[in-house]
Protein chains: 2
Amino acid sequence: MADARDEIDALIGQFSRLPGLGPRSARRMVLHLLQRRDQALRPLVMALDRVAQTAQPCTRCGNIATAPICDICADPKRATGEICVVEDVADLWAMERGQVFTGRYHVLGGTLSALDAVGPDDLHIPQLLERIVSEGIREVILALGATVDGQTTAHYIAESVEQTGVILSALAQGVPVGGELDFLDDGTIGAALRSRRAF
Amino acid sequence: MADARDEIDALIGQFSRLPGLGPRSARRMVLHLLQRRDQALRPLVMALDRVAQTAQPCTRCGNIATAPICDICADPKRATGEICVVEDVADLWAMERGQVFTGRYHVLGGTLSALDAVGPDDLHIPQLLERIVSEGIREVILALGATVDGQTTAHYIAESVEQTGVILSALAQGVPVGGELDFLDDGTIGAALRSRRAF
C-alpha cells in the first residue's frame with residue numbers, strides 16, 4: 001500500500017513543475033483535490049483530458065486550436081491583410097482581450113536569445129515570410145516585449161521581411177492607461193515623451 | 001470551433017478554484033500545459049486519473065488511502081495505544097514529516113467553528129470515542145492548531161473523552177527550532193516562558 005503515497009507524491013511532483021508553484025503549494029493543491037474527489041478532482045481530470053485530446057497548435061499561426069486551423073485563421077472576417085507577430089499564445093490572448101486588433105496573428109514560439117541558445121531557426125520566422133506572400137499581407141505589426149530579447153527579435157524580423165515590401169509597425173510605448181507618472185520607470189517616461197502627440 | 005476556447009476557459013476555471021490560485025495564475029498554468037502536451041499535460045492527466053481512481057479516505061482514521069484502511073492503520077507496529085488527533089490530512093502529513101510520532105492518527109475533518117456553522121456532528125468525534133474503546137487507546141494527543149477554533153475543538157474533545165479515562169495531552173507551545181526571539185509574537189514568547197524547563 002506504499003504506492004498510495006508514491007502516486008500522490010508523483011502527482012505533487014507534476015504540479016510543482018507548473019509555473020508559479022513550488023512543492024508546498026503543489027502539496028496543498030493535491031490535498032485539496034484529494035479531499036474533494038467528486039467536486040474537484042474528477043471534473044479537473046475530465047476537463048484536462050478533453051483539452052489534451054482536442055487542443056493542438058494551429059498549423060498556420062501557432063495559436064491553440066481544436067482543429068488544424070484555429071478559429072481566428074478560419075474566420076474570413078479576419079483576413080484584413082494585417083498580421084500581428086507575438087511571442088507566445090499568452091500574448092495572443094492578451095491582444096484578443098484588448099478587443100482592438102481585427103487581423104490575424106503569428107506566434108513565434110519565443111524570442112531570439114543568445115543566453116538560451118534560441119536562434120532564428122527555432123522560431124517560426126520562415127513561416128511568417130511565407131504567410132506574408134501567400135496571404136497577401138500589407139502590414140506586419142510587431143507586438144513583442146520591450147525587453148532586450150524582444151527588441152533583438154523585432155530587429156531580426158524587420159531585416160527578414162524588408163525584401164517583401166510589407167509595412168512594418170510596432171506597438172506604441174508610453175504611459176499605461178490608469179498609470180501614474182510617479183510609479184513609472186524612467187525608460188517608459190522617456191519613451192512616452194519622445195512619442196508625444198498633439199493634444 | 002468556438003468550443004475550443006470554451007473548453008480551455010472551463011479548464012482555467014477549474015484551476016482557478018484551487019487554493020492559492022486566481023484566474024491569472026490559472027491561465028498561465030493552463031497555457032504552460034497546452035504548450036507542452038506530451039511532456040506535461042498528458043502525464044498530469046494520467047497521474048491525476050490514477051489518484052482519482054485509487055485514493056479514498058481511510059474508513060478508520062480519515063487519512064488518504066488506496067484501500068479501505070490506510071497504511072498507517074494497517075501497520076501493526078503503529079498500534080502503540082496512542083492516537084494523535086489532527087484537523088486534516090495536511091496536518092497528518094506534517095506530523096509524519098516530523099518522524100517522531102509512532103502511533104496512529106485520527107483526522108477530524110475540520111475544527112468546530114461558530115462562524116462556519118461546524119458543529120460536533122460535522123467532525124469525526126463520535127468515531128474517535130469508538131476507537132478509544134475498540135483499539136484500547138491509552139493516550140490521545142491533541143495536535144490542533146493554536147487558533148481560537150482549534151482550541152475550542154480541543155476543549156470539546158477533552159470533555160467528550162473524559163469519561164473514557166484516557167490520558168489526554170497536547171503539543172507543546174514554545175520557540176520553534178531555529179526561531180529567533182526577536183521575530184516571535186508575544187503570545188509564543190509568553191507560552192514558552194510559562195512552559196520553561198530545567199536546563
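Domain bounds here come from an automatic or database domain assignment. With that in mind, welcome to a tour of a predicted model.

**Stop 1: the domains of chain A**

Start by colouring chain A by domain. Select residues 3-22 together with 30-54 for domain 1, then 64-170 for domain 2. If you place a marker at the C-alpha centre of each of these domains of chain A, the two markers will lie 34 Å apart.

Next, select residues 81-176 of chain A. The UniProt record, an unreviewed entry, annotates this span as "domain: Toprim". Helix makes up 35% of the span and strand 19%, and its end C-alpha atoms are 28 Å apart.

**Stop 2: the sheet in chain A**

Switch to a cartoon view and look for the open sheet of four strands in chain A. Reading across, the order is β4-β3-β5-β6, with parallel pairing. Which strands stand at the edges? They are β4 (104-107) and β6 (167-170) of chain A; each has a single partner strand, so one side of each is left without a neighbour in the sheet. On average, neighbouring strands of this sheet are turned by 25 degrees against each other, direction ignored.

Now zoom in on β3 (residues 82-86) of chain A, which pairs with β4(A) in the parallel sense over four bridges. To see one spot along this pair, pick Val85(A): opposite it, in β4(A), is His106(A).

**Stop 3: the crossover in chain B**

Move over to chain B and select residues 82-86, which form strand β3; β3(B) and β4(B) are joined by four bridges in the parallel sense. Val86(B) has Val107(B) as its bridge partner in β4(B). To follow the connection, trace the chain from β3(B) through helix α5 (residues 89-98) of chain B and on to β4(B). This β-α-β crossover is right-handed.

Stay on β4 of chain B, residues 104-107, and show side chains. Arg104(B) and His106(B) point one way, while Tyr105(B) and Val107(B) point the other way. Are these side chains buried or exposed? All four residues are buried.

**Stop 4: salt bridges**

How many salt bridges are there over all chains? The count comes to eight, and a few of them are worth a visit.

In chain A, select Asp38(A) and Arg42(A). They form a salt bridge whose closest N and O atoms are 3.5 Å apart. Both sit in helix α3 (residues 37-54) of chain A, four residues apart, or about one turn of the helix. Asp38(A) is exposed at 56% relative accessible area, whereas Arg42(A) is partly exposed at 33%.

Then select Asp38(B) and Arg42(B), where a salt bridge spans 3.4 Å from N to O. This pair lies in helix α3 (residues 37-54) of chain B, with a spacing of four residues, about one turn of the helix. The relative accessibility of Asp38(B) is 57%, so this residue counts as exposed; Arg42(B), at 34%, counts as partly exposed.

For the last selection, take Arg131(B) and Glu135(B), whose side chains meet in a salt bridge at 2.7 Å, N to O. Why does Arg131(B) count as buried? Its relative accessibility is 4%, and buried means under 20%. Glu135(B), by contrast, is partly exposed at 24%. Finish in chain A, where salt bridges with shared partners join Arg104(A), Arg131(A) and Glu135(A) into one network.

Definitions and conventions:
Residues numbered from 1 in each chain as written. Chains lettered and ligands numbered in written order. Predicted model: local features only at pLDDT ≥ 70, side-chain atom pairs only at ≥ 80, totals over all residues. Heavy atoms only, no water. Salt bridge = Lys/Arg side-chain N within 4 Å of Asp/Glu carboxyl O. Helix = DSSP H or I, 4+ residues; strand = E, 2+ residues; numbered from the N terminus. Buried < 20%, exposed > 50% of the residue type's maximum accessible area, 1.4 Å probe, protein only. Pairing = 2+ DSSP bridges. Right-handed = clockwise from strand over helix to strand, strands pointing away. UniProt positions renumbered as here; feature names shortened; annotations may be inferred. Axes fitted to C-alpha atoms, helices over the stretch in contact; angles between N-to-C directions.
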